[in-house]
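Work through the exercises below with the sequence and the model side by side, and try each task before you read its solution.

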Amino acid sequence: MKLYGAYTTFENAAYLLRPVEEGDAADLLEVYGDKNALPFFNSDNCDGDNFYYPTLERVAEAIRFWQWSYANRWFARWTIVDKAAGRAIGTVELCLRASEDAFDGAGILRLDVGSAWERSDILEALGALIVPAAFDLLECGTIITKAPLYAVERIQALTALGFVRSDAPLIGKDGYAYNGYWTTRTIRKEGTHYGNTA
């Protein structure tokens with residue numbers, strides 16, 4: 001799968017998505033320690049982890065796990081850098097789903113940002129940056145992501161990006177049915193570029 005090997009970076013005028021680094025911990029503490037952002041994180045099927053990391057040590061531990069997971073071909077996670085702010089504002093994750101539900105073979109997108117960045121214009125810009133490449137990186141025809149009914153800014157961004165709400169649940173490893181998923185097969189690609197890094 002193209003996702004693994006040389007990490008791909010993504011960049012436009014406002015944002016850079018690059019491999020997550022241990023030096024991102026202080027910035028990401030303000031994301032994963034943000035209780036107002038927590039309801040927008042997708043922790044479905046993550047063995048009870050809700051992505052709330054209220055200490056620097058806990059964030060650093062998560063970063064090491066993300067790096068280990070990439071090395072073991074579980075998923076890839078990028079740090080989102082806001083160029084104007086000069087800091088990390090969240091992370092993006094991609095992985096390929098193997099399951100017996102409606103989303104077998106679909107790419108999963110997790111997009112976590114601090115609550116100050118949970119805005120439709122920002123989320124749309126970030127989605128436009130990574131989703132077009134995700135089809136190729138994951139070698140799949142469908143991308144799914146979660147947006148609960150209360151995530152109005154996120155839903156607005158997903159709609160603008162061509163996602164549609166799915167009535168199908170995602171069935172977890174324990175048989176639990178998770179709802180709130182959106183899917184897309186096409187997305188516009190203007191204004192972005194991406195390339196491999198060693």
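**Exercise 1. Describe the surroundings of tyrosine 53.**

Step 1. Apart from its neighbours within four places in sequence, tyrosine 53 is in contact with Leu29, Tyr32, Gly33, Arg58, Val59, Ala62 and Trp66, where contact means heavy atoms within 4.5 Å. The model is a predicted one, in which local features need pLDDT of at least 70 and side-chain atom pairs count only at pLDDT 80 or more, while totals for chains, interfaces and linings use all residues. Residues are numbered from 1 along each chain as its sequence is written, and side-chain values use heavy atoms, with hydrogens and water left out.

Step 2. Place the residue in the fold: tyrosine 53 lies in the loop between helix 1 and helix 2, where helices (H or I, at least four residues) and strands (E, at least two) are DSSP runs numbered from the N terminus.

Step 3. Decide on burial: tyrosine 53 counts as buried because its relative accessibility is 2%, given that buried means under 20% relative accessible area, exposed over 50%, and partly exposed in between (1.4 Å probe, protein chains only).

Step 4. Compare sequence with space: tyrosine 53 and lysine 35 are 18 residues apart in sequence, and their C-alpha atoms are 9.7 Å apart.

**Exercise 2. Examine two further residues of the loop between helix 1 and helix 2, and then leucine 161.**

Step 1. Asparagine 45 lies in the loop between helix 1 (25-32) and helix 2, and although it is not a glycine, asparagine 45 has a positive phi of about 65 degrees.

Step 2. Aspartate 47 is found in the loop between helix 1 and helix 2; it is not a glycine either, yet aspartate 47 has a positive phi of about 55 degrees. Is aspartate 47 buried or exposed? Its relative accessibility is 68%, so aspartate 47 counts as exposed.

Step 3. Leucine 161 lies in the loop between helix 4 and strand 7 (164-165), and because its relative accessibility is 4%, leucine 161 counts as buried. Between leucine 161 and glycine 127 there are 7.3 Å from C-alpha to C-alpha, although the two are 34 residues apart in sequence.

**Exercise 3. Characterise the largest pocket.**

Step 1. Start with the volume, which for the largest pocket is about 770 Å³. On a 1 Å grid over the protein atoms alone, a pocket is an open set of points with protein on both sides within 12 Å along at least five of seven lines, a cavity is a set of points where a 1.4 Å probe fits but cannot get out, and lining residues have an atom within 4 Å of a point. Grid points are joined across faces, edges and corners, and a volume is the space filled by probe spheres set on the points.

Step 2. Of the 30 residues lining the largest pocket, Asn45, Cys46, Trp74, Phe75 and Lys173 are the closest to its centre.

Step 3. Trace the lining to its elements: helix 2 (56-71), strand 4 (87-96), strand 5 (107-113) and strand 8 (170-171) each supply at least two residues, and helix 2 gives the largest share, five residues.

Step 4. Sorted by class, this lining has 16 nonpolar, three polar and eleven charged residues, where Ala, Val, Leu, Ile, Met, Phe, Trp, Tyr, Cys and Pro count as nonpolar, Asp, Glu, Lys and Arg as charged, and the others, Gly among them, as polar.

**Exercise 4. Find the cavities and describe their linings.**

Step 1. How many cavities of 30 Å³ or more are there? The count comes to two.

Step 2. The largest cavity has a volume of about 80 Å³, and of its 13 lining residues, Leu109, Leu111, Leu123, Arg154 and Leu158 lie nearest its centre. Helix 3 supplies the largest share of this lining, four residues, and by class the lining of the largest cavity has eight nonpolar, two polar and three charged residues.

Step 3. The second largest cavity has a volume of about 40 Å³, and its lining includes Phe40, Leu109, Leu111 and Arg154. Strand 5 supplies the largest share of the lining of the second largest cavity, four residues, and this lining divides into four nonpolar, two polar and four charged residues.
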